[in-house]
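Trainee: Hi! Could you walk me through this one? I'm still new to reading structures.

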Amino acid sequence: MTDDKDVLRDVWFGRIPTCFTLYQDEITEREAEPYYLLLPRISYLTLVTDKVKKHFQKVMRQEEVSEIWFEYEGTPLKWHYPIGLLFDLHASNTALPWSITVHFKNFPEKDLLHCHSKDVIEAHFMACIKEADALKHKSQVINEMQKKDHKQLWMGLQNDKFEQFWAINRKLMEYPPEDSGFRYIPFRIYQATTERPFIQKLFRPIASGGQLHTLGDLLKDVCPSAIAPE
Amino acid sequence: EDFFLEEKRFKQYCEEFIRHSQQIGDGWEWRTSKDLHDGYLSKTHFQVRNRNIPPDLKEKNNDNIEQILFAHVEESLDDSQIAEVCATEVIRYEYHVLYSSSYQVPVLYFRACFLDGRPLTLDEIWKSVHGCYQARLLEGPWDTITQQEHPLLGQPFFILHPCRTNEFMSSILAGSRKRNRHTNYIILWLSTVGPVVGLNLPLSYA
C-alpha cells in the first residue's frame, strides 16, 4: 500500500469547488450572499459546512432555523454519502462550481437521515469502517483495535489529517502474506437511476483459477449493464 | 461455534415463516426488490395509542383499524375530534427483515408514521417501546436503535445494529439444537428482537 502513497494522497486531498446559495423561500432579514467553499471529496456535507450554516444563520431569525439540509436541482442530498460520490452521481457533467441550495425548513423526512450532531456522522462513518472490515478480515482487525485507534481514524477524517488517518487505516488495508488478498472486497456501486441505492455483493479478490480479479471482472459480475455496448 | 446464517438458508427459513404466517393470518409477506435480485419479509400493522380511544379498539392489530375507527367515532364525536383521533392517534408500523451478506445475519428495519404521513422520530418510537424492553435494549447485545438508509428502497428506516446478532443467536441456537428441535433461525431471532420494537410473534410460530 505504501507504493501507492501518491494515489492515496491524491484521493484524500481531492476537492470540489462549491457555491452554496440559500433557498429563495427562506425568510431572511437581509439579502443572503452565496458562500463559496472547497469541499473535500472524502468527507461528509454536515461535517464540513459549519461555516456555511453560520454564514446564512447571520441573516435569518432564530425561529426560522431548524435542521440544515442541502439540495441540488431539486434532489435532497444525502449527507451520509461522501461528498465526492454526491458530486459524481448528480453533477459530474455540469460546469464548476457545484451549485448547492441550502435549506433550514421542511426537512424531507422521507428522503434524508437526520443529522442532529457530529456524533451521528461519527457513528455512521465507524459503522461503514466496521462493515468493510467484516468483509476484509471477519472483523478481526477492527475489533482488535482499541477505542483510541477508532477515535484517531475519525479525528483524522474530521480534521483532514492524512498521516493521522493512515497510521490506523493502513492496518485495515493489510492482509497476511500467505493470503492473496482480503476475504471479500468491500465495494458499493451507486447509480442515480435505480430505486436500489447501490449494488453490494460478496466478491472475492481471487478467481477460482487463482488469478486476481480485475475491476472489469467485478463489473461484469454484478453490473453488466455498465459495460454493455450502447 | 459460529452460527452464521447463509443466504440460501435465510430464504428457506423465511419461506417456512411466511407459510405459518399465512396459516394464522399474521400478515407477513415476501417482497422482492424492483430488479428482482433480493427479497425480504415485510409486515405492516396499525396501532392505536391510548388517549381518547375506547378500550375495545386498543387491541386491534389488523388492516381494518381505519374503517373500524371511522365507523365508531362517527356516532359520538364531532369533526375536530374525529380529525384529532384519526390523524394523530393511529400509528402505522412497517417492519422489514433483510439479509446482510456482510455480517451473514438477518437485520430488522422498521419505521412508523401517523396516518397523515408524518413519521415518528426516534424519541417517539423509543417512548412507545414498553418499559421493560427499554431496559433490555440498553443492556442488550446491540448498539441501540439508529437511523439508516434502507439498502433496497433508499429511504430512512430505523434498525437494531446487526454486528452482534451472531453473539446472542449462538447461545440461543446451541440451546435449541441440544434439545434436537427443528430450529427456524428467523423465528428464534425475531421473537428475541421483535418485542423490543413493538413487534410480537404469536406463540404458534414455535
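Mentor: Happy to, so let's go through the chains, some backbone features and the charged side chains.

Mentor: Keep in mind as we go that this is a predicted model.

Trainee: Got it. What is the secondary structure of chain B?

Mentor: Chain B has eight helices and six strands. Going along the sequence, they come in the pattern α-β-β-α-α-α-β-β-α-α-β-β-α-α.

Trainee: And how much of chain B is buried?

Mentor: Of the 206 residues in chain B, 47% are buried. The surface that chain B exposes is about 10,800 Å², and carbon and sulfur atoms supply 48% of that area.

Trainee: What about contacts between residues far apart in the sequence of chain B?

Mentor: If you take the contacts in chain B with a separation of 6 or more, 56% of them are between residues 24 or more positions apart.

Trainee: Switching to the backbone: where is there a cis peptide bond?

Mentor: Look between Leu96(A) and Pro97(A), where omega is about -5 degrees. Pro97(A) sits in the loop between α4 (83-90) and β5 (98-103) of chain A. As background, most peptide bonds are trans, and most residues other than glycine have a negative phi.

Trainee: Which residues have a positive phi without being glycine?

Mentor: Glu73(A) is one of them, with phi near 45 degrees. Ser139(A) is another example, at about 70 degrees.

Trainee: Where do I find Glu73(A) and Ser139(A)?

Mentor: Glu73(A) is in the loop between β3 (69-72) and β4 (75-76) of chain A. For Ser139(A), go to the loop between α5 (118-137) and α6 (140-144) of chain A.

Trainee: Is Ser139(A) buried or exposed? And Glu73(A), buried or exposed?

Mentor: Ser139(A) is buried, because its relative accessible area is 13%, under the 20% cut-off. Glu73(A) has 67% relative accessibility, so Glu73(A) counts as exposed.

Trainee: OK, new topic! How many salt bridges are there?

Mentor: Over all chains, the structure holds 20 salt bridges. Side chains of opposite charge can pair when their charged atoms come close.

Trainee: Can you show me one in chain A?

Mentor: Try Asp160(A) with Arg15(A), whose closest N and O atoms are 2.8 Å apart. Asp160(A) is in the loop between α7 (147-158) and α8 (162-172), while Arg15(A) is in strand β1 (residues 15-22), so this pair ties together parts of chain A that are 145 residues apart in sequence. Asp160(A) is partly exposed at 31% relative accessibility, and Arg15(A) is partly exposed at 28%.

Trainee: And one in chain B?

Mentor: Lys43(B) forms a salt bridge with Asp26(B), with the closest N and O atoms 3.1 Å apart. Lys43(B) belongs to strand β2 (residues 39-48) and Asp26(B) to the loop between α1 (7-24) and β1 (29-32), so to speak a link between distant parts of chain B, 17 residues apart.

Trainee: Are Lys43(B) and Asp26(B) buried or exposed?

Mentor: Both Lys43(B) and Asp26(B) are buried.

Trainee: Last one: which residues gather in a patch of negative charge?

Mentor: Asp3(A), Asp4(A), Asp6(A) and Asp10(A) do, on the surface. Asp3(A) lies in the segment before α1 (5-12) of chain A. With a relative accessible area of 75%, Asp3(A) is exposed.

Definitions and conventions
Residues are numbered from 1 along each chain as its sequence is written. Chains are lettered from A and ligands numbered from 1 in the order in which they are written. This is a predicted model: local features need pLDDT of at least 70, side-chain atom pairs count only at pLDDT 80 or more; totals for chains, interfaces and linings use all residues. Side-chain values use heavy atoms; hydrogens and water are left out. Patches are made of residues with over 30% relative accessible area and no salt bridge: like charges are joined within 9 Å, nonpolar side chains (Val, Leu, Ile, Met, Phe, Trp, Tyr) within 5 Å. Accessible areas come from the Shrake-Rupley method with a 1.4 Å probe; for residues, only the protein chains shown count as cover. A salt bridge is a side-chain nitrogen of Lys or Arg within 4 Å of a carboxyl oxygen of Asp or Glu. Lys and Arg count as positive and Asp and Glu as negative; His and the chain ends are not counted. The place of a charge is taken as NZ of Lys, CZ of Arg, CG of Asp or CD of Glu. Helices (H or I, at least four residues) and strands (E, at least two) are DSSP runs, numbered from the N terminus. Buried means under 20% relative accessible area, exposed over 50%, partly exposed in between (1.4 Å probe, protein chains only). Contact means heavy atoms within 4.5 Å.
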